[in-house]
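Let's take a friendly look at how two protein chains meet two strands of DNA. The structure comes just below, and the notes after it walk through the surfaces by the DNA and the relation between the chains.

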2 protein chains.
Amino acid sequence: MRFVDDYLSYLLARASHQVAREFHAQLKPHGLSVAEWRVLATLVDGDGLSLGELADAVLFKQPSLTKAIDRMERDGLVKRLPGAGDRRRIRIVVTSRGAAAVRGLLSRAKLHEARILAAYRPEEVENVKRFLRDLLMRSAKQEEGTARRQL
Amino acid sequence: MRFVDDYLSYLLARASHQVAREFHAQLKPHGLSVAEWRVLATLVDGDGLSLGELADAVLFKQPSLTKAIDRMERDGLVKRLPGAGDRRRIRIVVTSRGAAAVRGLLSRAKLHEARILAAYRPEEVENVKRFLRDLLMRSAKQEEGTARRQL
DNA sequence: ATTAATTACATGAAAAGTCATTAATTGAAA
DNA sequence: TTTCAATTAATGACTTTTCATGTAATTAAT
């Protein structure tokens with residue numbers, strides 16, 4: 001067996017890549033890029049996130065997201081609003097045009113997931129998801145620690 | 001719970017991103033970029049892969065890899081060799097300089113993985129890896145099918 | 001055999017991402 | 001308060017990726 005085929009990071013990267021790519025084929029008809037889909041799908045549950053929070057959520061670096069939001073704002077999918085309280089922050093919200101663009105895609109996304117996961121027992125799927133969520137939680141906790149240590 | 005927190009594609013993307021990012025911090029001292037690490041780590045088990053095969057293995061689009069290999073060749077990490085038999089293909093091989101650059105990193109990578117997975121029962125880890133490998137296999141098979149259908 | 005279709009890699013222009021830095025605001029310390 | 005450090009987002013120069021296409025080699029069809 002090759003090194004990478006038993007290497008968690010590679011298995012995750014490849015699985016993520018494959019699953020995402022299949023779905024992304026469905027985005028084109030809706031006129032959305034991958035970045036736009038991710039931003040909108042995140043904002044439907046988190047309207048009003050700051051740019052930094054959103055960047056973290058969609059796994060973008062901050063300057064990349066600034067520019068992605070520039071484009072999405074130009075295309076009328078989202079809007080920047082002044083941050084309440086702290087005037088450095090901005091809140092990013094979905095416009096009605098943006099909402100219309102994701103409408104339908106969320107259910108298609110879940111459908112796509114369901115088709116993939118139909119091959120497995122529900123219990124097995126839950127175990128994997130629990131594992132991934134736990135991994136993320138631990139990793140986030142650990143980062144907090146190292147961040148604090150660097151002060 | 002937010003949409004994305006129960007969405008397989010997102011959990012995979014985020015887990016992949018986090019795990020990879022932790023390790024990538026260790027690459028800088030070795031003077032390797034993420035792309036270079038992935039290429040070299042793949043080639044240690046698969047010296048002589050064609051450009052297309054390698055692009056698929058490292059999840060790059062073909063033109064992106066062509067240019068990445070241009071840079072790596074310029075830096076003396078890999079070399080292009082003429083493809084045996086088919087003269088359109090090229091075989092990409094690691095130079096001794098490239099081999100020296102990954103040496104040590106492979107064990108560090110496994111160590112990093114071990115540290116992350118220490119929190120889980122070996123059986124659980126194997127279940128997750130098996131799930132991922134199976135997912136990849138099915139997805140590849142399905143792609144074959146749709147590719148053939150498009151003819 | 002010749003032509004046509006396909007496959008593998010390279011290339012060039014355009015788009016997007018990244019790093020380092022800046023400006024503005026806030027929070028904390030003296 | 002005034003000053004200093006930290007945080008938030010924007011910007012600019014630079015690098016990398018991407019899309020569409022080009023070129024050469026191979027395979028298939030007539």
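## Before we start

Helices here are DSSP runs of H or I with at least four residues, numbered from the N terminus. Please keep in mind that this is a predicted model.

## Around DNA strand D

DNA strand D is surrounded by 21 residues, and the closest are A:S50, A:G52, A:P63, B:P63 and B:R87. Two or more residues each come from helix 3 (51-57) and helix 4 (62-74) of chain A, and from helix 5 (62-74) of chain B. Which element gives the largest share of this surface? Helix 5 of chain B does, with five residues.

As for chemical class, the surface near DNA strand D has nine charged, seven nonpolar and five polar residues.

## Around DNA strand C

Turning to the other strand, 23 residues lie around DNA strand C, and A:P63, B:S50, B:G52, B:P63 and B:T66 come nearest. The elements that give two or more residues here are helix 4 of chain A, along with helix 4 (51-57) and helix 5 of chain B. The largest share, five residues, belongs to helix 4 of chain A.

Charged residues number ten on the surface near DNA strand C, beside seven nonpolar and six polar ones.

## How the two chains relate

A turn of 180° with a shift of 0.0 Å along the axis lays chain A on chain B, with an RMSD of 0.0 Å. The two copies are therefore related as by a two-fold rotation axis. Both copies use the same surface: 100% of the contact residues of chain A recur in chain B.

Terms used: Residues are numbered from 1 along each chain as its sequence is written. Chains are lettered from A and ligands numbered from 1 in the order in which they are written. This is a predicted model: local features need pLDDT of at least 70, side-chain atom pairs count only at pLDDT 80 or more; totals for chains, interfaces and linings use all residues. A residue is near a molecule or strand if its C-beta atom, placed from the backbone, lies within 6 Å of it. Ala, Val, Leu, Ile, Met, Phe, Trp, Tyr, Cys and Pro count as nonpolar, Asp, Glu, Lys and Arg as charged, and the others, Gly among them, as polar. Copies are superposed by least squares on the C-alpha atoms of residues with pLDDT of at least 70 in both. Two residues are in contact if their C-beta atoms, placed from the backbone, lie within 7 Å.
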